[in-house]
Amino acid sequence: MSSRLLYFWFFICCDDSPISYILNTTGHGVGIREVASKTANKMPAYKLMYFEGKGRAEVIRLSFAAAGQSFEDKRYSIEEWYKVKPTIPQHQLPCLQVDGRFIPQSGAIMRYIAREFGLHGDNNDENTRVDVILGASDDFLKNVMSWYYEKDETKKEEINKNLEETKLPQFFSLLESILKENDDGDGYFVGKKISLADILIYDITDQTSSVAKLPAFPPKLAGLIDRVKNYSKIKEYLAKREKLTQ
Ligand SMILES: N[C@@H](CCC(=O)N[C@@H](CS)C(=O)NCC(=O)O)C(=O)O
């Protein structure tokens, strides 16, 4: 397997539980509100732990970038990882440390950051719209995951064909119709500003393009992808990230 694929993904949104927990080092749950109140008067120190590569961490890095929030971007080598793994809650990455407390699960982390920095919509309807897009993305990503984990080359090719000819066009057309419901598709997925939904869709199309030939974007989706890439803080981040393994 190429190193490009070794670090490929994934993702995402596996956290369907209604409550996300911040864990302390011994793994006990601590409610998000408790942490928020403890840190209300100062900006917490963020440390995102993952591997070299985009994978499940990139949407979180992009969200920090969009928010203009600095964070420590800790990238473990495989050797380093096996040394620290027993100390990390749930023994998987990504994991975010917020003032020393741990948040495991990429879905929980991305939502936590989005809520902290106004990237999860401004009211219940908008929060829900973001969640609908996260859910649809999760459904789509199952196809990519099945390709990723398939060992039989013939079956892998079939999955890839199905991805390129059916699943990707279906996903893009769904996104196009959701986009059109807001500002006639000429703005963002939700409300009047960028949100986690836009950032995630940009990241999924970017990462999927390294394993499948993407069909042409429908017009409104093409515009959205362009807006995200050119969102000034994201543009700045993208200009610096080419060192990442893809
Ligand atoms: N549901 C978890 C899955 C995390 C996961 O599978 N992480 C992989 C990397 S993408 C990992 O930590 N692999 C190393 C290991 O399990 O030792 C999430 O979304 O964060």
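Let's start with C95, which stands opposite P104 in β6. Before I go on, keep in mind that this is a predicted model. That pair belongs to two strands, β5 and β6, which run antiparallel and are joined by four bridges. Together β5 and β6 make a hairpin, with two residues between them.

One of the turn residues is worth a stop. D99 sits in the loop between β5 and β6 (101-104), and its phi is positive, about 50°, although D99 is not a glycine. Most residues other than glycine have a negative phi, so that's one to look at on screen. Is D99 buried or exposed? Neither, quite: D99 counts as partly exposed, because 14 other C-beta atoms lie within 10 Å.

Okay, over to the other partner of β5. Strand β3, residues 46-51, pairs with β5, residues 95-98, in the antiparallel sense, over four bridges. Put your cursor on L48 and you'll find L96 of β5 standing opposite. L48 also has a bridge partner in β4, and that one is D73. So what about the strands themselves? β3 and β4 (residues 72-76) run parallel, with five bridges joining them. To get from β3 to β4, the chain goes through helix α3, residues 58-67, and this β-α-β crossover is right-handed.

Now walk back along the chain a little, into the loop that comes before β5. This loop, between α4 (78-84) and β5, holds P94. Which residue does P94 share a cis peptide bond with? It's L93, and omega there is about 10°. As a reminder, most peptide bonds are trans. H91 is in the loop between α4 and β5 as well. H91 is not a glycine, yet its phi is positive, about 55°. And H91 is exposed, because the count of other C-beta atoms within 10 Å is 12.

Right, on to the helices, and I'll begin with α8. Does the length work out as expected, or not? Let's do the arithmetic: α8 covers residues 196-208, which is 13 residues, and at 1.5 Å a residue they should span 18 Å. The end C-alpha atoms are 18 Å apart, so the two agree.

How many of the 13 residues in α8 are buried? Eleven, so the helix is mostly covered, as you can see if you hide everything else and bring it back piece by piece. The buried residues include L196, A197, D198 and I199. And the cover? Parts of it come from α3, α5 (106-116), α6 (124-149), α7 and α9 (219-229).

Two of those α8 names come back in the core. The largest nonpolar core has 57 residues, and A197 and I199 touch the most other members. Helix α7, residues 153-180, gives this core its largest share, eight residues. In soluble globular proteins, nonpolar side chains tend to be buried together. What does I199 touch, leaving aside neighbours within four places in sequence? The contacts are V59, L62, S63, A66, I194 and V228.

Let's follow α7 next. This helix has 28 residues and reaches 39 Å from its first C-alpha to its last, close to the 40 Å expected at 1.5 Å a residue. Look along α7 and you'll find a kink of about 45°, centred on L163. L163 is among the buried residues of α7, along with I159, L168 and F171. Covering the buried residues of α7 are elements including α6, α8 and α9.

Stay in α7 for one more residue, F172. F172 is buried, because 20 other C-beta atoms lie within 10 Å. Not counting residues up to four places away in sequence, F172 touches P215, F217, P218 and L221. With L221, the separation is 49 residues in sequence and 7.5 Å in space, C-alpha to C-alpha.

Last stop: E236, in helix α10, residues 232-240. E236 counts as exposed, because it has 12 C-beta neighbours inside 10 Å. How far apart in sequence and in space are E236 and A65? They are 171 residues apart in sequence and 8.4 Å apart in space, C-alpha to C-alpha.

Technical notes. Residues are numbered from 1 along each chain as its sequence is written. This is a predicted model: local features need pLDDT of at least 70, side-chain atom pairs count only at pLDDT 80 or more; totals for chains, interfaces and linings use all residues. Two strands pair if DSSP finds at least two bridges between them. A crossover is right-handed if, with the strands pointing away from the viewer, the path from the first strand over the helix to the second runs clockwise. A nonpolar core is a set of buried Ala, Val, Leu, Ile, Met, Phe, Trp, Tyr and Cys residues joined through C-beta atoms within 7 Å. Two residues are in contact if their C-beta atoms, placed from the backbone, lie within 7 Å. The expected span of a helix is 1.5 Å times one less than its number of residues. The bend at a residue is the angle between axes fitted to the seven residues ending there and the seven starting there.
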